[in-house]
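Got your viewer open and a hand on the mouse? Let's take a walk through this structure, one selection at a time.

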Amino acid sequence: MCARARPPVVRSVQTPDALTALRTWLDTFEPKTRKLGESTFTTKQVQKIGTQADHYVEATVAEDAEKFPVTLFLTRGQWTAKCACELRKDCRHIYGAGLAWLAEANAGSTASTDAASTAAAAQGSRGTKRKGGADWDAV
């Protein structure tokens, strides 16, 4: 018996309705925050974004020497978020992460649900060190 190919998993944070709700929610941010958030996104400060559950998206936003974890929550069709910066909510990091999630979802990529493959990819991107400290390229 041949194994059937399974359709990709579509998380609720990836549905068209959820993405439309995210765009609408991001439009409620203050104009100054939106401008700063657009800059955060376009300068690729959103370093990592993904989901491991149906109801939230996690991102890491780097700014200067600091990294701010951001979580976007989808609850009953409404988006909220928290950030580790001093503002905690409605900040440029959240806005940038929201734009990054929209771009990720629109690019058609699906979030990995396999923690082992995610960890392996992260390990592979770091490379290994030889004695003496020189880096090898990741295989």
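Below is a tour of the sheet, a helix and a few residues worth clicking on. One thing before you start: this is a predicted model.

**Stop 1: the sheet**

Switch to cartoon view and pick out the strands. You should find 4 of them in an open sheet, in the order β1-β2-β3-β4, with antiparallel pairing. Now colour β1 and β4: these two stand at the edges with a single partner strand each, so one side of each has no neighbour in the sheet. Rotate the view a little and look at how the strands lie against each other. On average, neighbouring strands of this sheet are turned by 15 degrees, direction ignored.

**Stop 2: β2 and β3**

Next, select residues 56-63, which make up β2, and add residues 66-75 for β3. These two strands run antiparallel and are joined by 8 bridges. Want to see some partners face to face? Click on Y56, and its bridge partner in β3 is F73. Then try E58, which has T71 opposite it in β3.

Follow the chain around the turn. The β2 and β3 hairpin has 2 residues between its strands, and D64 there takes a positive phi near 55 degrees.

**Stop 3: β3 and β4**

Keep β3 on screen and add residues 78-83, which are β4. This pair is antiparallel too, with 6 bridges. Select T75 and look across to β4, where Q78 stands opposite. The hairpin of β3 and β4 also has 2 residues between the strands, and here R76 is the one with a positive phi, near 50 degrees.

**Stop 4: helix α3**

Time to leave the strands. Select residues 92-106, and you have α3. Put a distance label between its first and last C-alpha: the 15 residues reach 21 Å, close to the 21 Å expected at 1.5 Å a residue.

How many of the residues of α3 are buried? The helix is mostly covered, with 11 of 15 buried. Among them are I94, Y95, L99, W101 and L102. Show the surroundings and you'll see what covers them: the buried residues of α3 pack against helices α1 (16-26) and α2 (31-42), as well as strands β1 (46-50), β2, β3 and β4.

Step just past the helix to G108, which follows α3 and has a positive phi near 85 degrees.

**Stop 5: the salt bridge**

Now show side chains for E63 and R92. They meet in a salt bridge, with 2.9 Å from N to O. E63 sits in strand β2 and R92 in helix α3, so the pair ties together parts that are 29 residues apart in sequence. Don't go hunting for others, as a search of the whole structure finds 1 salt bridge.

Is each partner buried or partly exposed? E63 is buried, at 19% relative accessible area, while R92 counts as partly exposed at 28%.

**Stop 6: T33**

For the last selection, go to T33 in helix α2. T33 is buried, with a relative accessible area of 16%. Which residues does T33 touch, leaving aside neighbours within four places in sequence? Its contacts are D90, C91, R92 and Y95. You've met R92 already, as the partner of E63 in the salt bridge.

Note on methods: Residues numbered from 1 in each chain as written. Predicted model: local features only at pLDDT ≥ 70, side-chain atom pairs only at ≥ 80, totals over all residues. Heavy atoms only, no water. Salt bridge = Lys/Arg side-chain N within 4 Å of Asp/Glu carboxyl O. Buried < 20%, exposed > 50% of the residue type's maximum accessible area, 1.4 Å probe, protein only. Expected span 1.5 Å × (residues − 1). Contact = heavy atoms within 4.5 Å. Pairing = 2+ DSSP bridges. Axes fitted to C-alpha atoms, helices over the stretch in contact; angles between N-to-C directions.
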